[in-house]
Amino acid sequence: MTHSSLPKLAAMVLALACLAGAAVAQEPVKIATIDLLKAFDSYWKTKLSNDQLKERGADFDKARIGMIDDLNMLREDYNRLNASTQDQANSEEKRADDQKKAQVKLAEYKRLEQQIIEFNKNAQKTLADQTQRLRKGRLEEIQEVISAKARELGYDLAIDSSQDVLLPRPP
């Protein structure tokens, strides 16, 4: 059995269970289907949330670019100082001083490089968490509306007909 047929099988078993219960009560069971993915994608708050996520991602990108620019400047400073330590035209004192400065620049470079790695990890985690939180909130809002509308129209059961495995399934 494939992964995509599992939701269909579960929906059929649930529908049969409802039909069996309805056969005893002799009342017809009304079942509604909804494409939850389509409802989710076309919901105006989903679009607003996606825009917020894009804006947050752009902010992270701007900060990352600034850090990378700083890193490139440190590398240039280090290379300049390192070249100065090799230049025989400079005095021994200046070469020693430049050597110390180059070591400081190299340490700063490595520290900033590590900060960028941590920043990238944290930014990705933050965006993933925010995406999950926003998706869950929008899905709950949509499910509430679906339940209310199904009750209003007299449906006993509302089944998701979409094939999206990324959306968390309602109970």
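Of the 171 residues in this protein chain, 23% count as buried. Keep in mind that you're working with a predicted model. Here are some exercises to take you through it.

**Exercise 1. Get the overall layout.**
Work out how many helices and strands the protein chain has, and in what pattern they follow one another.

*Solution.* Start with the tally: the secondary structure comes to four helices and two strands. Next, read along the sequence, and the pattern comes out as α-β-α-α-α-β. Then look at contacts between residues at least 6 apart in sequence: 79% of them join residues at least 24 apart. Last, take the surface. The accessible area of the protein chain is about 12100 Å², and carbon and sulfur atoms account for 57% of that.

**Exercise 2. Check the lengths of α3 and α4.**
For α3 and then α4, compare the end-to-end C-alpha distance with the span expected at 1.5 Å a residue.

*Solution.* Take α3 to begin with. It has 43 residues, and from its first C-alpha to its last it reaches 63 Å, close to the expected 63 Å. Now do α4, with its 61 residues: at 1.5 Å a residue it should span 90 Å, and its end C-alpha atoms sit 89 Å apart, so the two values agree. Once you're just past α4, stop at G154, which takes a positive phi of about 85°.

**Exercise 3. Find what packs against α3.**
List the buried residues of α3, and say which elements they pack against.

*Solution.* Step one is the list: T46, S49, L53, G57, F60, M67, L71, L74, L81, S84 and T85. Step two is to look across from them, where you'll find α2 (36–42) and α4 as the packing partners.

**Exercise 4. Trace the nonpolar cores.**
Identify the residues of the largest nonpolar core, and say which element gives the most to it.

*Solution.* Nine residues make up the largest core: F60, M67, L71, L74, Y109, L112, I116, F119 and A123. The elements giving two or more residues to this core are α3 and α4, and α4 gives the most, with five. For a close-up, pick I116. Skip its neighbours within four places in sequence, and its contacts are M67, I68 and L71. There's also a second, separate core of six residues, which includes L36, F40, Y43 and I146. As background, nonpolar side chains in soluble globular proteins tend to be buried together.

**Exercise 5. Place R95.**
Decide whether R95 is buried or exposed, and find its contacts beyond the neighbours within four places in sequence.

*Solution.* First locate R95: it's in helix α4 (residues 92–152). Then check its relative accessible area, which is 15%. Buried means under 20%, so R95 counts as buried. Finally, leave aside the neighbours within four places in sequence, and R95 is in contact with S84, T85, D87, Q88 and N90.

**Exercise 6. Pair up the charges.**
Say how many salt bridges there are, then work out which parts of the chain the K105 and D77 pair ties together.

*Solution.* The count comes to eleven salt bridges. In one of them K105 pairs with D77, with the closest N and O atoms 3.7 Å apart. K105 lies in helix α4 and D77 in helix α3 (residues 44–86), so this pair ties together parts that are 28 residues apart in sequence. Both ends are partly exposed: K105 has 22% relative accessibility and D77 has 23%.

**Exercise 7. Look for salt bridges inside α4.**
For D97 with K101 and for E152 with K149, find the N to O distance, and say how far apart the partners are along the helix.

*Solution.* Begin with D97 and K101, whose closest N and O atoms are 3.4 Å apart. Being four residues apart in helix α4, they are separated by about one helical turn. D97, at 37% relative accessible area, is partly exposed, and so is K101, at 42%.

Move on to E152 and K149, which meet at 3.4 Å, N to O. They're three residues apart in α4, again about one turn. E152 is exposed at 57% relative accessible area, while K149 is partly exposed at 42%. To finish with the charges, K45, R138 and E141 are joined into one network by salt bridges that share partners.

Technical notes. Residues numbered from 1 in each chain as written. Predicted model: local features only at pLDDT ≥ 70, side-chain atom pairs only at ≥ 80, totals over all residues. Heavy atoms only, no water. Buried < 20%, exposed > 50% of the residue type's maximum accessible area, 1.4 Å probe, protein only. Contact = heavy atoms within 4.5 Å. Areas by Shrake-Rupley, 256 points an atom, 1.4 Å probe, with all protein chains shown as cover. Salt bridge = Lys/Arg side-chain N within 4 Å of Asp/Glu carboxyl O. Core = buried A, V, L, I, M, F, W, Y, C linked by side-chain atoms within 4.5 Å. Expected span 1.5 Å × (residues − 1).
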